[in-house]
Amino acid sequence: MPSTSDFERLLRGAALRVTRPRLAVLTVVHAHPHADTDSIIAAVRRDSPTVSHQAVYDVLRALTSAGLVRRIQPSGSVARYESRVGDNHHHVVCRSCGTIADVDCAVGETPCLTASDDQGFSIEEAEVTYWGACRECVAAAAN
Ligand SMILES: [Zn+2]
Ligand SMILES: [Zn+2]
């Protein structure tokens, strides 16, 4: 778990001023990967009750555009945030409880980037979401 000074360094590295709300949101996003906005607000306000809802929204937007957090939104889900950025990893989503887990890119080549027909586009990124049932939901269904 990175320390406050690591987060300060991250913010400065992205040319963002170090503020309490930014530190609070970064800490929460690191501690709770794939949390939605409401749970991030609740967790931030548990430690820093003076930080407003709007401030958390603003900070999430600033951190996302600075590339310090990544925003994902599987279809049918609200936006989620995570601090694992820069590797374009994929996600697996449980259809029944909504749990999200990270899935590394297929190793070796990048088959997902090799579109069968690129339609003349220069392709830079492929977004893959796997859907299924998580371990808990599979176990619950088997009982
Ligand atoms: Zn589940
Ligand atoms: Zn992730």
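I looked up His91 first and found this residue in strand β4, which spans residues 90–94; I keep in mind that the model is predicted. With a relative accessible area of 5%, His91 is buried, because the cut-off for that class is under 20%.

I then went through the side-chain partners of His91. I noted a polar contact of 3.1 Å between the side chains of His91 and His89, and a polar contact of 3.2 Å between the side chain of His91 and that of Asp102. Setting aside neighbours within four places in sequence, I listed the residues in contact with His91, among them His34, Arg70, Ile72 and Glu82, and also Ile100, Ala101, Val103, Val128, Thr129 and Tyr130; Asp102 appears in that list too.

Next I turned to the zinc ion (ligand 1), which I found coordinated by the SG atoms of Cys94, Cys97, Cys134 and Cys137 at 2.2 to 2.3 Å. The 4 donor atoms subtend angles of 105 to 113°, so I recorded the arrangement as tetrahedral. For comparison I wrote down that the ideal angle for four tetrahedral donors is 109.5 degrees. Along the chain, the donors of the zinc ion (ligand 1) follow the spacing C-x2-C-x36-C-x2-C. Within this set, Cys97 and Cys137 link distant parts of the chain, 40 residues apart, with Cys97 in the loop between β4 and β5 (100–103) and Cys137 in helix α5 (residues 135–142).

Last, I checked the accessibility of this pair: Cys97 counts as partly exposed at 43% relative accessibility, whereas Cys137 counts as buried at 17%.

Notes. Residues numbered from 1 in each chain as written. Chains lettered and ligands numbered in written order. Predicted model: local features only at pLDDT ≥ 70, side-chain atom pairs only at ≥ 80, totals over all residues. Heavy atoms only, no water. Helix = DSSP H or I, 4+ residues; strand = E, 2+ residues; numbered from the N terminus. Buried < 20%, exposed > 50% of the residue type's maximum accessible area, 1.4 Å probe, protein only. Polar contact = N/O pair within 3.5 Å; in protein donor to acceptor, adjacent residues only side chain to side chain. Contact = heavy atoms within 4.5 Å. Donors = N, O, S within 2.8 Å, 3.2 Å for Na, K, Ca; no water. Tetrahedral: all angles 85-135°; square planar, octahedral: opposite > 155°, others 65-115°.
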